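Student: I should like to work through this structure by question and answer. Could we proceed from the chains to their helices and then to a single residue?

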Amino acid sequence: MAEKDSKKRWEPIYRSAPPGWATHPRKRMLMTPMLIFFGGIFAFAVPTIVAAFFQMAFFSPPVSDNWAPYGEQAARGREIYLANGCVYCHSGFTRPQDVRHGLYYTYPRISLPGDYATSDEAPNLWGTARIGPDLSQEGGFHPSDWQRAHFSDPRFTTPNSIMPRFNFLSDDEFEALTAFVQQRGGKAALVRYAGQQVAKDGMLAAMGMPAPPAKSEAEAMTLAEVARGVKMGGFMQMNMGMDMGGGMEGGEEEHQSILHPHDEYMLNFVDRTYWVMSNPLPVTDYNLLRGRMIFQERCIGCHGVGGAGVSLATRFLRPVPFDFTTQEAAQSVFTSEGSWYYKVLRGVRGTAMENFGSRLRVDDIWRVVMFLKTIPNGGLVAGSVPTIDQYYQWTPPPELLQYMKQNPVEKAFDFTTEDTADEPFLLEAHRIMNGMAPGYSFHIPGFGDVSLERFAQLIEEEYNRLLEEGWDAFIARDGHPIPPASQMEIPPELSKELR
Amino acid sequence: MADETRLDAPEEQGRSAHPPTDEGRRQELQRTYGAGPETVTGIQTRYRHDDRTSRWWLVSSVFWFVAVTTFGIIIATELAEPEAFQGVSWLVFSRVRPAHVEGVIFAWLTMMYFGAIFYFSPRLLGTRALWNETLGVVTAIVYNVALIYGFVAILGGGSTGREYAEFPWIVDLLIVGCFVSNIVNIVMTVSIRLVRPLYVSMWWAIAAPIWVSASIFIENVMWHPGPNPLWGMSGFLENGLHDAMINWWGNHNLFGLWLTPVLVAVTYYFVPRITNTALYSHTLSLISFWGLVFVYAAVGDHHLLQSPSPGWLKTIASINSVAILIPVFAFFSNIFLTMRGQWDRFFTSLALRFIITGWIFYLLVNLQGALQAIQPFNVYVHFTYFTIGHAHLALLGGFTILGMGVIYYMLPHIFNKPPYSRTLAEWQYWLVTLGFLAFFIAMTIGAFVQGQSWLSGTPEVNVLNQLHLWNIMRAVSGSMIYTAAWIQLVNIGLTFFRDTRGEEAKAARKDAIAGHPADVAEPQATA
């Protein structure tokens, strides 16, 4: 009966206190509506002020050096990106642990607060999931035609993707979305994007191909039309050098090299040390089979199930994916296994060829490359496995050896030691033409000189155009604070590992 | 034994069987109450409650649950087989996913919660009905219309893209308006109450809608609403950095200040109600109430622990996320000690089993959440399926299973008919519980595959092949949950259309409503 005792003990105090000054202790802990209402609001307000309003009051960093505004089209693309919920699988910031010092990684830099401190980044796109990769730095990692094919059906370009199709969007929406994705990642992305465009122009000129078609035009094409295009040289005049006709003849006099301009171009975007490199792995049934497995897992999206470059993705892509089925593919100036290895490893700027350096093991890349050399002899025929005798041993063509003698690059160009190492546009140019060094050039009819300096200049022009367009559009979107104009003058900084 | 701790025990024995509806009775009670705490009394609420409002909200929620699980099964299918819907724009994963999330929170759980609040409020306050039942019904209709508009907007490509705030601005505005209308209804009902002391459930019922509507208002209503406020953006801040932080602050308040409090309120109502026991401790209730609101309103930024947001905010979020365990343990132990010696009811009363299952998963989600909000572990699991597993542990394992208990208990009471089939309900229980567990296991294993791969430098696209199995398991377990949603709809529907005019049915009704006699006292405030 402790209850009774306590009652007795408290009763006199409770009774003798002035009215309203003391309540019975058992009653004191009862909640009243007023206490719940006002106490609840107070208890909510305190952490709210700290967590929600303090950050607005005390955390407003200036925009970072890398920040760049979106152009008009890109800003529209951002709205489409939001409305279609891309953010649920693609997060929008790079964490410290994501960044790798590697050549092929899609996370070149850690996101900084200043990257997001403007109205261009609102509403936020930070997201909570990464079923697909983070896209905060995506700009310029792929060319625009790859983006179009990928939006139309991601399995066109990435067979194991689980991203849904977005082919219901219109042509304009595709262009806006592409523009937005290509501009994500600030100034560094603009440099990469400009590089993609310059590389694309050079590549198309070297191959004599038209520009990539719009989305609806590409989707209207049937697979038979694609096959006809590839085989008969319809919408493209597929490489191989020898059969480049008519239009190119005029430029032949200017062209001093012993190599065909197309071959020379294809050769020079591969690092020189890989030009005549042979496969370090022995040709075995296992290696060939493993190579074929990986080809079928990763490559058939663009290169087609037959390896002939005939696929649904091809409808979107110019230059078209490489045709592996011809004898010329097996034995040509730029088709050494080393060159192919290099292209798989690092991708080819200006084409839809992605870098697989982070996705495939090095030995697996060599196996794929080895397997590719069996395709002309039926290594990819359904219902069979590639055999050792189907393997074609590439040997350096004499004109390649002669070309290498005529055009020695005296010193290997090392961006980590050169004075020009901090020159972002030259870095980007070198990323496109990996086999070249400053001071070295050759000529492409219809495009002009190809040299790192010229490419750097073209990239810089394109970069400045994109940046100015972005600033104009940003200022035109009124009603928000505008960062100081001096921010625009800060040069872009590229990660050196990314070159 | 239990009666010893009840202040009102003597009163209870002599309680009147007549409905105390008149003002004189109310004044009498107030006089009695004023005389001293011993006379704090509950009123035997033998009258037929109005419950129109509760019926509207609960029945809507049953339909919405089928709708939102339909969204869920669509997206689970798409993850396992991405070409399943061949690029139909309104079935695309990224549009259905926000509809699923918004639907679970605002359609299913919110409507069920308001139904529960409107059910227990008159019973705990001793009134026959809410202050204004018609207002509640109209609010339910407006709320349903707003939701339908919101889903059409999201599926039609009008989502705002701000996570958990995807509805267009006008829908956010209507949602806040409906919350305010309900707050008025609840507060006014409190003001006309006949039972003077407020039982724990009522604290939460008063405070939680206020907190969450304020939070939604701050997060996505009060800022500038964009060029086309009707279809377009919900309010967002001009600075992307601030917008992200306030977005996540507000998002977590949906769980912390709305879904959790009402889970607590409902559990505090049902466990004493069904077991016919007094709540173990008033003090623990106070700790859980004040502790929860003080720490929970600042945890949202634990979603951004590796983002470019300020360190002090991350620290506050991490500390508060762990401190959450204090009110949670207070709540957990309070219920556990109330249940002591009565665990047979866990097996005999299906409604109680649903609720206790939700309560157990709710404890687990808090343990998991505290772990997840600590930096080193967050580095490992952030952006992975772990978050999705965690979210489903809370919203499916905790709140939804509890909500099924609410539906299974309340709607038959409101219809005044025994549930159509216990067997169906048992199927529902096991399908949703096992389906959820399979889902959770799939997500957690998938998350560790992702986390380990990413930290070792493997890109996301390479992990997809390894996730395929877990995506299939996710879709299969999702179909179990989907089946449970339909079973609930069918069971409730058949209960409603059940013919109970026969004598046999009347006899069954007497003691079969949710498995216990109807004349057990309502739980009351003790101190």
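Tutor: The questions below concern a predicted model.

Student: How many helices and strands does chain A have, and what share of its residues is buried?

Tutor: The secondary structure of chain A consists of 19 helices and two strands. Of its contacts between residues at least 6 apart in sequence, 78% join residues at least 24 apart. The chain has 499 residues, and the buried share is 52%.

Student: What are the corresponding values for chain B?

Tutor: Chain B has 18 helices and zero strands. For contacts between residues at least 6 apart in sequence, the part of chain B that joins residues at least 24 apart is 84%. Among the 527 residues of chain B, the buried share is 60%.

Student: Which helix of chain A gives the most residues to the side that touches chain B?

Tutor: The contact involves 66 residues of chain A and 75 residues of chain B. On the chain A side, α2 (25–28), α3 (33–58) and α4 (72–83) each supply at least two residues. With 14 residues, the element that gives the most is α3(A).

Student: How many residues on that side of chain A are nonpolar, polar and charged?

Tutor: The side in question is the one by which chain A touches chain B, to which 66 residues of chain A belong. By class, these divide into nine charged, 22 polar and 35 nonpolar.

Student: Within chain A, which helix gives the most to the side of domain 2 that touches domain 3?

Tutor: The domain assignment of chain A gives domain 1 (13–58), domain 2 (72–211 + 448–498) and domain 3 (226–242 + 251–406). The C-alpha centres of domains 2 and 3 of chain A are 28 Å apart, and their contact takes 31 residues from domain 2 and 27 residues from domain 3. On the domain 2 side, two or more residues come from each of α5 (144–152), α6 (154–157) and α8 (186–207) of chain A. The element that gives the most, with nine residues, is α8(A).

Student: Which helix supplies the largest share of the largest nonpolar core?

Tutor: That core has 294 residues, and those with the most contacts inside it are A:I459, B:A116, B:W203, B:V262 and B:I407. Its largest share, 21 residues, comes from residues 240–275 of chain B, which form helix α8.

Student: Which residues does B:V262 touch, apart from those up to four places away in sequence?

Tutor: B:V262 is one of the residues with the most contacts inside the largest nonpolar core. Beyond four places in sequence, its partners are B:Y113, B:A116, B:I117, B:W204 and B:A208.

Student: Where is the kink in α8(B) centred?

Tutor: From first to last C-alpha, the 36 residues of α8(B) reach 51 Å, close to the 52 Å expected at 1.5 Å a residue. The helix is followed by B:N276, with a positive phi near 55°. The kink in α8(B) is about 35°, and its centre is B:N253.

Student: Why is α8(B) described as largely enclosed by the rest of the structure?

Tutor: A residue counts as buried if 20 or more other C-beta atoms lie within 10 Å of its own. The helix α8(B) is largely enclosed because the number of its 36 residues that are buried is 36.

Student: Which proline follows the bend in α7(B) within four residues?

Tutor: Helix α7 of chain B covers residues 200–220, and its end C-alpha atoms are 30 Å apart, which agrees with the expected span of 30 Å. Of its 21 residues, 19 are buried, so this helix is largely enclosed by the rest of the structure. The bend is about 25° at B:A207, and the proline that follows within four residues is B:P209.

Student: How many residues of α13(B) are buried?

Tutor: Helix α13 of chain B (residues 350–372) reaches 32 Å between its first and last C-alpha, close to the expected 33 Å. The helix is mostly covered, and of its 23 residues the number buried is 17.

Student: Is B:S159 buried or exposed?

Tutor: B:S159 lies in the loop between α5 (133–155) and α6 (169–191) of chain B. Leaving aside neighbours within four places in sequence, its contacts include A:A83 and A:G85 as well as B:R95 and B:P98. Because 28 other C-beta atoms lie within 10 Å, B:S159 is buried.

Student: How far is B:S159 from B:A99 in space?

Tutor: In sequence, B:S159 and B:A99 are 60 residues apart. In space, from C-alpha to C-alpha, their separation is 9.0 Å.

Methods: Residues numbered from 1 in each chain as written. Chains lettered and ligands numbered in written order. Predicted model: local features only at pLDDT ≥ 70, side-chain atom pairs only at ≥ 80, totals over all residues. Contact = placed C-beta atoms within 7 Å. Nonpolar A, V, L, I, M, F, W, Y, C, P; charged D, E, K, R; others polar. Core = buried A, V, L, I, M, F, W, Y, C linked by C-beta atoms within 7 Å. Buried ≥ 20, exposed ≤ 12 C-beta atoms within 10 Å, placed from the backbone. Domains from an automatic or database assignment. Expected span 1.5 Å × (residues − 1). Bend = angle between axes of the 7 residues up to and from the residue.
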